[in-house]
Amino acid sequence: MFIEPRVGNGRELPRRGWIEVVVGSMFSGKTEELIRRLNRAKIARQRVEIFKPALDTRYHVEDVVSHNATSIRSTPITFPQEMLLLASNCDVVGIDEAQFFDASLVEVCNQLANHGVRVIVAGLDMDYLGQPFGPMPALLAVAEYVTKVHAVCVRCGDIATYSFRKAASAEQVLLGETDSYEARCRHCFLEGQQEKSAAETDAVATTKH
Ligand SMILES: [Zn+2]
């Protein structure tokens, strides 16, 4: 479990910022871990602000909501730069679903941390094809602390790091959770991808006849 180097400012130290990143597949508990850290900061009377991309409106516009329904109020934003204004008085900034922001998120997180803010970022490290997702690889590089959380493969029970898409859509952003995706280990993810491309080849062959 991640233990903060410092939660509050109890020792009258000058404020020092840093970046933490929590990554994993879908159903890995990323958002729960983000909420856990933010709640601890609140107990230490830190000023906390949470942001998420405005496009993620699956459940509630103003809540960071995880799948097990523990939630924290958050502010939906379109551009990472908005955080520089909105978070000017914060000790801690949480960012959920960070993979949906553009590359400028990395610079904004650096700026916040340089100005003494503790930045906690949660997001998918890979998309449904197993490719690094949006600004996440660069964030992992600049972060002081990286936590990779794992799901459990629904097929074999092994540790899962992939978000396997059951639905046949080629969009990188497809929100809808449980019915469209499942967590899979490397082996079962590859098997599933092969089954999908075999099914596609069959479909093409059938339409030709
Ligand atoms: Zn598996």
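Two residues are in contact if their C-beta atoms, placed from the backbone, lie within 7 Å. The exercises below use this predicted model.

**Exercise 1. Describe the surroundings of valine 22: which element holds it, is it buried or exposed, and which residues distant in sequence does it contact?**

Solution.
Step 1. Find the element. Valine 22 belongs to strand S1, which covers residues 18-24.
Step 2. Count neighbours. There are 28 other C-beta atoms within 10 Å of valine 22. The cut-off for buried is 20 or more, so valine 22 is buried.
Step 3. List the contacts, setting aside neighbours within four places in sequence. Valine 22 is then in contact with Lys30, Glu33, Leu34, Ala122, Thr147 and Val149.
Step 4. Look at one of these contacts, alanine 122. Valine 22 and alanine 122 are 100 residues apart along the chain, but their C-alpha atoms are separated by 4.7 Å.
Step 5. Set this beside the whole chain. Of the contacts with a separation of 6 or more, 74% are between residues 24 or more positions apart.

**Exercise 2. Work out which strands pair with S6, and state whether the faces of S6 are covered or exposed.**

Solution.
Step 1. Take the pairing with S2. Strand S2 (residues 48-53) pairs with S6 in the parallel sense, over 4 bridges. In this pair, phenylalanine 51 is opposite isoleucine 95.
Step 2. Take the pairing with S7. Strand S7 (residues 118-124) runs parallel to S6 and is joined to S6 by 4 bridges. Here isoleucine 95 is opposite valine 121.
Step 3. Check the two faces of S6 (residues 92-95). Val92 and Gly94 lie on one side, Val93 and Ile95 on the other, and all are buried. Both faces are therefore covered.
Step 4. Add the helix. S6, helix H3 (residues 104-114) and S7 form a β-α-β unit, and the unit is right-handed.

**Exercise 3. Decide where the buried residues of H3 lie around the helix, and what they pack against.**

Solution.
Step 1. List the buried residues. In H3 these are Leu105, Val106, Val108, Cys109, Leu112 and Ala113.
Step 2. View the helix down its axis. The buried residues of H3 fall within an arc of 165°, so they line one face of the helix.
Step 3. Recall the geometry. An α-helix has 3.6 residues a turn, so residues three or four places apart point the same way.
Step 4. Turn to the other side of H3. Ser104 and Asn114 are exposed there.
Step 5. Name the packing partners. The buried residues of H3 pack against S1, helix H2 (82-86), S6, S7 and helix H4 (136-142).
Step 6. Look just past the helix end. Glycine 116, just after H3, takes a positive phi of about 95°.

**Exercise 4. Locate the residues that UniProt lists as "binding site" and "active site", and describe cysteine 153, cysteine 156 and glutamate 97 as buried or exposed.**

Solution.
Step 1. Read the record. An unreviewed UniProt entry places "binding site" at Cys153, Cys156, Cys185 and Cys188. These residues are spread over 36 residues of sequence but cluster in space, with a largest C-alpha distance of 8.0 Å.
Step 2. Examine cysteine 153. Cysteine 153 lies in the loop between strand S9 (151-152) and strand S10 (159-160). Cysteine 153 counts as buried because 22 C-beta neighbours are inside 10 Å.
Step 3. Examine cysteine 156. Cysteine 156 is also in the loop between S9 and S10. Cysteine 156 has 12 other C-beta atoms within 10 Å, so cysteine 156 is exposed.
Step 4. List contacts, not counting residues up to four places away in sequence. Cysteine 153 touches Asp158, Ala160, Ala183, Arg184, Cys185 and Cys188. Cysteine 156 is in contact with Cys185 and Cys188.
Step 5. Examine glutamate 97. The unreviewed UniProt entry places "active site" at Glu97. Glutamate 97 is in the loop between S6 and H3, and counts as buried because 22 C-beta neighbours are inside 10 Å.

**Exercise 5. Where are phenylalanine 27 and arginine 45, and what is the sign of phi in each?**

Solution.
Step 1. Recall the usual case. Most residues other than glycine have a negative phi.
Step 2. Take phenylalanine 27. Its phi is near 65°, a positive value. Phenylalanine 27 is in the loop between S1 and helix H1 (30-43), and is partly exposed, with 19 other C-beta atoms within 10 Å.
Step 3. Take arginine 45. Its phi is near 60°, again positive. Arginine 45 is in the loop between H1 and S2, and counts as exposed, with 12 C-beta neighbours inside 10 Å.

How values were computed. Residues numbered from 1 in each chain as written. Predicted model: local features only at pLDDT ≥ 70, side-chain atom pairs only at ≥ 80, totals over all residues. Pairing = 2+ DSSP bridges. Right-handed = clockwise from strand over helix to strand, strands pointing away. UniProt positions renumbered as here; feature names shortened; annotations may be inferred. Arc of directions from axis to C-beta.
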